[in-house]
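Thank you all for coming. I would like to take a few minutes on one model, so please have a look at it before I begin.

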Amino acid sequence: MVEIKLTNTRTRRKEAFVPIDPADVRMYLCGPTVYDRAHLGNARPVVVFDVLYRLLRHVYGSRHVTYVRNFTDVDDKINAAALARKEAGDPRSLEDLIRARTEETIGWYHADMDALGALRPDHEPRATDYIPQMIDMIADLIAKGHAYEAAGHVLFDVRSYPAYGQLSGRSVDDMIAGARVEVAPFKRDPMDFVLWKPSSGDLPGWDSPWGRGRPGWHIECSAMSAALLGESFDIHGGGIDLQFPHHENEIAQSCCAHPQADFARVWLHNEMLQVEGKKMSKSLGNFFTVRDLLDQGISGEVIRYVFLMTHYRKPMDWTAEKVREAEATLRRWRGIAGGVTQSGTAASEIVTAIADDLNTPEALAALHEMYRSITRLEHRIAYYEDEFPSVGDEIADFVTSAQALGLLLPEIGEWLEIADEVGERIMEIAIARRDARQARDFSTADRIRAQLEAAGVLIKDGPGGAIAWERGPNFDPDKLDGIL
RNA sequence: GGCGGGUUGGCGGAGAGGUUACGCAGCGGAUUGCAAAUCCGUGAAGACCGGUUCGAUUCCGGUACCCGCCUCCA
């Protein structure tokens with residue numbers, strides 16, 4: 001069996017991964033707060049974890065992996081978005097507006113992450129469906145002396161958990177020293193955080209032993225992971241910015257509520273995304289969503305490839321140059337993968353690279369080498385004809401290897417596809433051009449080539465009058481009319 | 001102030017204490033009516049200063065610079 005190694009934030013080391021139960025490997029990823037379109041930074045952990053999910057399924061079997069990614073649908077930003085609509089004159093109730101907003105955002109999220117070729121998790125729990133579990137957990141924490149009620153809030157008592165700060169490598173005293181937080185007067189310690197807070201009448205709320213209110217930010221993940229994966233599970237991840245306070249607080253809650261359990265054994269954090277060397281932010285004007293890129297004609301597969309070019313634990317810079325490179329590479333790859341339908345075997349170099357702490361750049365390098373060995377063979381076959389065997393098996397293995405990274409999947413290939421009917425039409429034109437070339441009527445041949453290019457079809461002449469073409473960046477089938 | 005990460009060839013980006021990463025771009029060649037595509041070949045590196053070592057870009061220490069988190073944030 002392939003040995004998987006992962007860098008565990010908790011121990012700060014790369015460790016061999018040993019599942020609690022190989023028959024049910026369990027992982028949890030902190031998902032989005034559903035108040036708006038997913039921005040590009042939201043997509044990075046989704047792609048990283050998709051690669052991990054595919055790897056685990058490959059190694060342990062697809063029925064032996066459980067992947068949970070939550071939707072946070074209770075949050076002040078959601079309330080604000082709904083309130084803004086109400087103030088803009090929307091007649092619906094605030095509850096309806098919130099529901100509509102979260103439903104809509106989840107739909108967007110699914111569409112955008114599907115476009116990146118990310119598999120849907122096995123469970124996508126919504127926070128609002130787990131309020132009773134959160135209330136139970138909070139009550140349990142109070143009973144165990146780790147939380148207290150004050151001024152209508154319930155707060156976690158960080159001093160009651162000596163290991164607090166271990167994940168992020170900081171002590172409570174250090175944090176207080178450098179803190180820029182406003183300290184609520186009812187807190188016993190400045191670092192105590194909210195488990196439950198009161199809701200006024202115009203905000204969403206649920207009845208609880210502490211009055212009508214809503215959960216704090218961190219408790220949902222503790223409650224949902226316990227409900228769906230158990231008190232101990234294998235992998236928990238998210239962006240490095242979640243390391244503190246979110247994950248630190250999750251650990252405190254879960255480990256105090258379930259002192260006999262491990263909670264998450266391995267913590268994985270991806271580094272942040274930059275855009276042209278700078279942090280993506282609205283104020284710098286370099287902020288954009290996944291949908292913005294898709295609408296610009298950058299396919300989800302290209303976006304995925306750009307992500308995979310950088311190891312997940314390094315900051316990743318999104319640049320136009322990388323997009324160009326990724327697109328050119330995928331065009332070539334899809335160019336040879338086209339007609340192959342047989343299934344292959346993922347190359348061991350690829351699986352080994354991914355298993356080595358998700359080393360996707362190395363996996364891509366191995367794919368480049370596979371590609372080159374195939375084109376080299378194809379070249380020889382084309383020139384010397386039957387002296388070499390078919391490369392069908394090699395291509396099938398290449399495609400299967402790429403699919404281990406979530407690339408070259410049929411469902412994200414539409415950006416290069418051409419409808420059969422249109423393909424026949426192009427073939428007709430290309431044959432006419434070949435005939436003109438063979439008659440040495442180069443002005444006609446060049447005219448046809450230029451017109452095809454204008455329609456976004458790139459002609460690639462092969463030896464001996466072989467015909468090949470590719471769908472270019474500005475493909476427009478309407479412009480094919482009247483070429484002949 | 002506290003915690004953490006980074007600095008590799010023109011660009012992107014990995015691994016490994018001693019042997020070509022890989023990709024893009026460039027250059028030379030093949031092929032081609034001409035392009036494109038494709039194929040073959042090829043130069044180029046590891047912030048700075050010390051230390052360990054037969055040997056370090058790779059390990060250790062320091063310096064400089066950059067970045068992230070500490071506040072909603074993937």
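I will start with how the model was made and its confidence, then turn to the RNA surface, and end with three strands.

This is a predicted model, in which local features need pLDDT of at least 70 and side-chain atom pairs count only at pLDDT 80 or more, while totals for chains, interfaces and linings use all residues. Residues are numbered from 1 along each chain as its sequence is written, chains are lettered from A and ligands numbered from 1 in the order in which they are written, and side-chain values use heavy atoms, with hydrogens and water left out.

As for confidence, chain A has a mean pLDDT (the predictor's confidence in each residue, from 0 to 100) of 89, and 96% of its residues reach 70 or more. For the complex, the predictor gives an ipTM of 0.92 and a pTM of 0.94.

Now the RNA. Strand B is surrounded by 52 residues, and the closest are K77, W217, G239, R324 and R376; a residue is near the strand if one of its heavy atoms lies within 4 Å of it. By class, these residues divide into 13 nonpolar, 16 polar and 23 charged, where Asp, Glu, Lys and Arg count as charged, Ala, Val, Leu, Ile, Met, Phe, Trp, Tyr, Cys and Pro as nonpolar, and the others, Gly among them, as polar. Of the RNA atoms within 4 Å of the protein, 65% belong to sugar or phosphate and the rest to bases.

What does the side chain of T375 approach on RNA strand B? One of its N or O atoms is 2.5 Å from a phosphate oxygen. The bases are approached as well: a side-chain N or O atom of R449 is 2.9 Å from a base nitrogen, and a backbone N or O atom of G41 lies 3.1 Å from a base nitrogen. Among the elements that give two or more residues to this surface are α1 (40–60), β9 (232–239) and α15 (442–454), and α12 gives the most, with 9 residues.

That brings me to β9, which is largely enclosed by the rest of the structure because 7 of its 8 residues are buried, that is, under 20% relative accessible area. β10 (residues 263–270) likewise has 7 of its 8 residues buried. The two strands run parallel and are joined by 7 bridges, with I235 partnered by V266 and G239 by N270. On its way from β9 to β10 the chain passes through helix α7 (residues 243–257), in a right-handed β-α-β crossover. β9 also pairs in the parallel sense with β3 (residues 25–29), over 3 bridges, and L29 has G237 as its bridge partner.

How values were computed: A polar contact is a pair of N or O atoms within 3.5 Å; within protein, one must be able to donate a hydrogen and the other to accept it, and residues adjacent in sequence count only if both atoms are side-chain atoms. Helices (H or I, at least four residues) and strands (E, at least two) are DSSP runs, numbered from the N terminus. Buried means under 20% relative accessible area, exposed over 50%, partly exposed in between (1.4 Å probe, protein chains only). Two strands pair if DSSP finds at least two bridges between them. A crossover is right-handed if, with the strands pointing away from the viewer, the path from the first strand over the helix to the second runs clockwise.
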